[in-house]
Amino acid sequence: MYEERRSGPRKVLLTGWFSFRDGEATAGDVLALRRVETVLLGSGTPYDVAWSPGFRPDALHLDDVRPHDYSHLVFVCGPLHGPQVEELHRRFAHCVRIAVGTSVIDPGEPAVTGFHRVLARDAPGRPPTEDLAARAPDVPPRPVVGVILTHGQHEYGAQRRHAEVAERVTHWLAGKDCARLELETRLDTRDWHLNATPAQVQSVLARLDLVVSDRLHGLVLALRVGTPVIAIDPVAGGAKVAAQARACGWPALLPAEQVDGRRLDRWWDWCLTSGRVAARQARETFREGRLPDGADHLLEALTSRAGAGQGAGHGTGRGAG
């Protein structure tokens with residue numbers, strides 16, 4: 001069969017681990033696919049791509065494919081192993097089957113031997129080849145966004161809107177073409193997932209294009225390094241996040257009651273344009289000490305007998321900032 005079709009395929013179906021219902025799509029696999037698509041497009045070869053319904057629900061899925069519409073099946077990237085790959089050989093038995101950019105663990109495994117040709121990136125007894133993702137077409141960089149959300153602050157009781165805010169914000173972010181990093185301001189010297197010092201947190205924030213946060217210190221620390229931030233107050237009626245945004249003169253603030261896609265989009269556009277300048281200006285304001293803070297009056301309070309126990313916020317306990 002393979003020899004009879006050397007003149008060219010009628011139509012190719014591109015598959016990989018990104019095609020299986022229980023598989024997964026990785027960045028490397030998808031870039032490898034783009035490299036293969038570039039080759040096929042350059043030769044004028046018609047093809048379709050089969051995607052996992054969990055990853056691309058609106059695309060072509062293996063369950064919907066009519067095998068006899070294709071003369072060739074190409075499996076892209078990943079290991080040649082397991083029953084899912086073996087099932088492709090059975091279902092597309094009439095096709096010429098080629099694996100490209102794959103890893104071979106056991107050359108005698110049916111998942112491997114079922115292919116007419118294997119263009120492996122690594123296999124026992126063969127020199128390795130460059131991974132397909134290395135030569136995938138370049139893509140413009142996307143904004144890198146740090147996401148700092150709190151699910152605590154129970155001191156606000158019935159005013160808490162944290163769950164609703166988190167659901168709306170994360171749903172909105174899922175539809176944005178950006179690289180997302182879930183971050184924490186909480187420090188821990190034992191857990192490698194968390195930063196251990198404020199300097200480590202700031203080093204991450206300084207390298208971002210934008211921060212989205214419903215935490216007071218998500219706002220302050222982002223501005224401290226000159227990174228624009230969409231600040232959201234998760235407390236009904238407004239609380240410390242809104243108060244701090246006013247103190248800093250930072251306009252990109254949404255109350256819990258106004259968190260929706262339209263308003264978030266508006267501040268997104270502003271933060272990625274003129275908001276960059278505004279964030280750098282806020283950083284300089286912090287550095288130069290132009291705005292007062294509580295420490296400015298600390299020594300006076302320490303030396304004043306009348307100041308003991310007076311003033312809003314004294315002895316109110318610790319809330320997660």
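This is a tour of one predicted model, stop by stop, with what to select at each.

Residues are numbered from 1 along each chain as its sequence is written. Because the model is predicted, local features need pLDDT of at least 70, side-chain atom pairs count only at pLDDT 80 or more, totals for chains, interfaces and linings use all residues, and side-chain values use heavy atoms, with hydrogens and water left out.

**Stop 1: the sheet with strands 1 to 5**

Helices (H or I, at least four residues) and strands (E, at least two) are DSSP runs, numbered from the N terminus. Select strand 1 (12-15), strand 2 (47-49), strand 3 (72-76) and strand 4 (96-103), then add strand 5 (117-122). These 5 strands form an open sheet in the order 2-1-3-4-5, with parallel pairing; two strands pair if DSSP finds at least two bridges between them. Strand 2 and strand 5 are at the edges with a single partner strand each, so one side of each has no neighbour in the sheet. On average, neighbouring strands here are turned by 15° against each other, direction ignored. For such angles, axes are lines fitted to C-alpha atoms, for helices over the stretch in contact, and angles run from 0 to 180 degrees between N-to-C directions.

Now show strand 3 and strand 4 alone. They run parallel and are joined by 5 bridges. The bridge partner of H72 in strand 4 is V96. Bring back the sheet and add helix 2 (residues 83-91), which packs on it and touches strand 1, strand 3 and strand 4. The direction of helix 2 makes about 170° with that of strand 3.

In the loop between strand 3 and helix 2, select C77. C77 is not a glycine, yet it has a positive phi of about 65°. Most residues other than glycine have a negative phi. C77 counts as buried, at 3% relative accessibility; buried means under 20% relative accessible area, exposed over 50%, and partly exposed in between (1.4 Å probe, protein chains only).

**Stop 2: helix 1**

Select residues 27-43, which make up helix 1. Its 17 residues reach 25 Å from the first C-alpha to the last, close to the 24 Å expected at 1.5 Å a residue; the expected span is 1.5 Å times one less than the number of residues. Which residues of helix 1 are buried? They are D29, V30, A32, L33, R35, V36, E37 and L40. Their cover includes strand 1, strand 2, strand 3 and strand 4.

Pick out E37, which is buried with a relative accessible area of 12%. Leaving aside residues up to four places away in sequence, E37 touches L14, Y47 and V49, where contact means heavy atoms within 4.5 Å. The side chains of E37 and R34 are joined by a polar contact of 2.7 Å. A polar contact is a pair of N or O atoms within 3.5 Å; within protein, one must be able to donate a hydrogen and the other to accept it, and residues adjacent in sequence count only if both atoms are side-chain atoms. Just after helix 1, G44 takes a positive phi of about 75°.

**Stop 3: the sheet with strands 6 to 10**

Another open sheet of 5 strands has the order 7-6-8-9-10, with parallel pairing. Strand 7 (179-182) and strand 10 stand at its edges, each with a single partner strand, so one side of each lacks a neighbour in the sheet. The twist averages 20° from one strand to the next. Strand 6 and strand 7 run parallel, joined by 4 bridges; V147 has E182 in strand 7 as its bridge partner.

Add helix 4, which lies across strand 6, strand 7, strand 8 and strand 9 and runs at about 150° to strand 9. Helix 7 (residues 240-248) lies across strand 9 and strand 10, at about 135° to strand 9.

**Stop 4: T227**

Select T227, in the loop between helix 6 (216-224) and strand 9. T227 is buried, at 3% relative accessibility. Its side chain reaches the backbone oxygen of L205 at 2.8 Å.

**Stop 5: helix 8**

Finish with helix 8 (residues 261-271), where L264, W267, W268 and C271 are buried. These residues cover an arc of only 110° around the axis, which puts them on the same side of helix 8; the arc is that of the directions from the helix axis to the C-beta atoms. R262 and R266, on the other side, are exposed. At the N-terminal end, D260 caps helix 8, with a side-chain oxygen 3.2 Å from the backbone nitrogen of R262.
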